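I opened a fresh page today to keep track of what I looked up. Here is the structure I had on screen, so that you can follow along.

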Amino acid sequence: MNFIAPTPDAPALLTPIPALSDNYIWMVQKNGHAIVVDPGEAGPVLDRLTPGLTLEAILITHHHHDHVGGVQALHQRTGARVYGPRHENIPVCDVPLGEGDLVDLPGIGLRFQILDIPGHTAGHIAYVGRLDAGQTALFCGDTLFAAGCGRLFEGTPAQMHESLGKIGCLPPDTLVCCAHEYTAANIRWALQVEPTNAALQARAQDTAQLRAQGLPTVPSRLGLELQTNPFLRTGLPDIRAAASQHAATPLNTPLAVFAGLREWKNNFK
Ligand code: ZN
Ligand code: FE
């Protein structure tokens, strides 16, 4: 009988692959296996699949074309299984998922838990998992952005507010892996809401530096989002005051503040 000694776990490599105009396709690599999240196109992923690297899974957060445009080609070329939201129409979906489901990926040695986070789309899901000991990563598509959140194309403010509240309860050191590079524009708006927030001011500088070097501003940490992202701060008096003033009407609940902020951001140039 042969015994194969277990190889020590290599650290996971987490990479945002730029795609389309401002999308990121997230790739995780470990143990000679890779997974990608929301491949809006196939080319940039295929470019990175060297002969020693097997694409084990394609994870989809929601049905928008800039997140699924590369799924069919990648699935055909690699045979990787496609996981996606149960309540949305995805071009290929081998494993439909919803709240509480677990995704076990033995090759790469990762396990993800599914959260339903409707709002941007009606069936949007997120993947939460540990990359390495203790390090949680969240793949949240177009729901939580760095210093912002997704537009409400299919859901209500109440749904999005609840979805963001769910995300806000994850560990503060969670890596927030969102699907777009919108950070600089989001911060420009967030500074209108909270001009005196020192953490936000510092983040504006850090972000400007990264972008000047052509570097991604993500992943961010959930703790930083809780300090600087107005959409996660709807219960704070200063935010309520700013949103109420902008709406020219008193906004008396965190949900009303959220809806006011979303309106404000929609119209911000
Ligand atoms: Zn979207
Ligand atoms: Fe998108």
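**Entry 1: a contact rule, then Ala19.** I count a contact when heavy atoms lie within 4.5 Å. I also note at the start that this is a predicted model. With that rule in hand I looked up Ala19, leaving aside its neighbours within four places in sequence, and found it in contact with Ile25, Glu41 and Pro44. Ala19 sits in strand E1. Is Ala19 buried or exposed? I take it as buried, because its relative accessibility is 4% and the cut-off for buried is under 20%. I then checked a pair further along the chain: Ala19 and Val45 are 26 residues apart in sequence, and their C-alpha atoms are 9.2 Å apart in space.

**Entry 2: the sheet that holds E1.** I traced an open sheet of six strands in the order E1-E2-E3-E4-E5-E6, and its pairing is mixed. Its edge strands are E1 (13–19) and E6 (95–97), each of which pairs on one side only. From one strand to the next, the twist averages 25°. I followed E1 to its partner, strand E2 (residues 23–30): the two run antiparallel and are joined by seven bridges. One position I marked is Leu14, which stands opposite Val28 in E2. A reminder to myself: strands of a sheet pair through backbone hydrogen bonds, either parallel or antiparallel.

**Entry 3: helix H3 and Leu74.** Which strands does helix H3 lie across? I found H3 (residues 71–78) across strand E3 (33–37), strand E4 (54–59) and strand E5 (81–85), and it runs at about 150° to E4. Leu74 lies in this helix, H3. Its relative accessible area is 0%, so I list Leu74 as buried. Not counting residues up to four places away in sequence, Leu74 touches Val36, Pro39, Ala42, Val45, Leu46, Leu55, Ile58 and Gly79. I also looked up Leu74 against Gly119, 45 residues apart along the chain, and their C-alpha atoms are separated by 28 Å.

**Entry 4: the zinc ion.** Which residues donate to the zinc ion (ligand 1)? I wrote down His62 (NE2), His64 (ND1), His120 (NE2) and Asp142 (OD), at 2.2 to 2.3 Å from the ion. Along the chain, these donors of the zinc ion follow the spacing H-x1-H-x55-H-x21-D. Why is the arrangement around the zinc ion (ligand 1) irregular? The four donor atoms subtend angles of 87 to 168°, and a tetrahedral site would need all angles between 85 and 135 degrees. I then placed two of the donors: His64 is in the loop between E4 and helix H2 (65–68), and Asp142 is in the loop between strand E10 (135–141) and strand E11 (144–145), so this pair ties together parts that are 78 residues apart in sequence. Both His64 and Asp142 are buried.

**Entry 5: the iron ion.** The iron ion (ligand 2) has its protein donors in Asp66 (OD), His67 (NE2), Asp142 (OD) and His180 (NE2), lying 2.1 to 2.3 Å from it. Their spacing in sequence reads D-H-x74-D-x37-H. The angles among the four donor atoms are 82 to 169°, and I noted the site of the iron ion as irregular. I checked His67 as well, and it is buried, with a relative accessible area of 0%. How far apart are the zinc ion (ligand 1) and the iron ion (ligand 2)? They lie 3.2 Å apart, and Asp142 bridges them.

**Entry 6: the other sheet I looked up, and Ser220.** This open sheet has six strands in the order E7-E8-E9-E10-E13-E14, with mixed pairing. Strand E7 (102–105) and E14 stand at its edges with a single partner strand each, so one side of each is left without a neighbour in the sheet. E14 pairs with strand E13 (residues 175–178) in the antiparallel sense, over two bridges. Leu175 has Arg221 in E14 as its bridge partner.

My last stop was Ser220, in strand E14 (residues 220–221). Ser220 is buried, with a relative accessible area of 6%. Its side chain makes a polar contact with the side chain of Glu225 at 2.6 Å. Not counting residues up to four places away in sequence, Ser220 touches Thr174, Leu175, Val176, Arg203 and Glu225.

Conventions
Residues are numbered from 1 along each chain as its sequence is written. Chains are lettered from A and ligands numbered from 1 in the order in which they are written. This is a predicted model: local features need pLDDT of at least 70, side-chain atom pairs count only at pLDDT 80 or more; totals for chains, interfaces and linings use all residues. Side-chain values use heavy atoms; hydrogens and water are left out. Helices (H or I, at least four residues) and strands (E, at least two) are DSSP runs, numbered from the N terminus. Buried means under 20% relative accessible area, exposed over 50%, partly exposed in between (1.4 Å probe, protein chains only). A polar contact is a pair of N or O atoms within 3.5 Å; within protein, one must be able to donate a hydrogen and the other to accept it, and residues adjacent in sequence count only if both atoms are side-chain atoms. Two strands pair if DSSP finds at least two bridges between them. Axes are lines fitted to C-alpha atoms, for helices over the stretch in contact, and angles run from 0 to 180 degrees between N-to-C directions. Donors are N, O and S atoms within 2.8 Å of the metal (3.2 Å for Na, K and Ca); water is not among the atoms, so sites may look incomplete. Four donors count as tetrahedral if all angles lie between 85 and 135 degrees; four count as square planar and six as octahedral if opposite donors are over 155 degrees apart and all others between 65 and 115; anything else is irregular.
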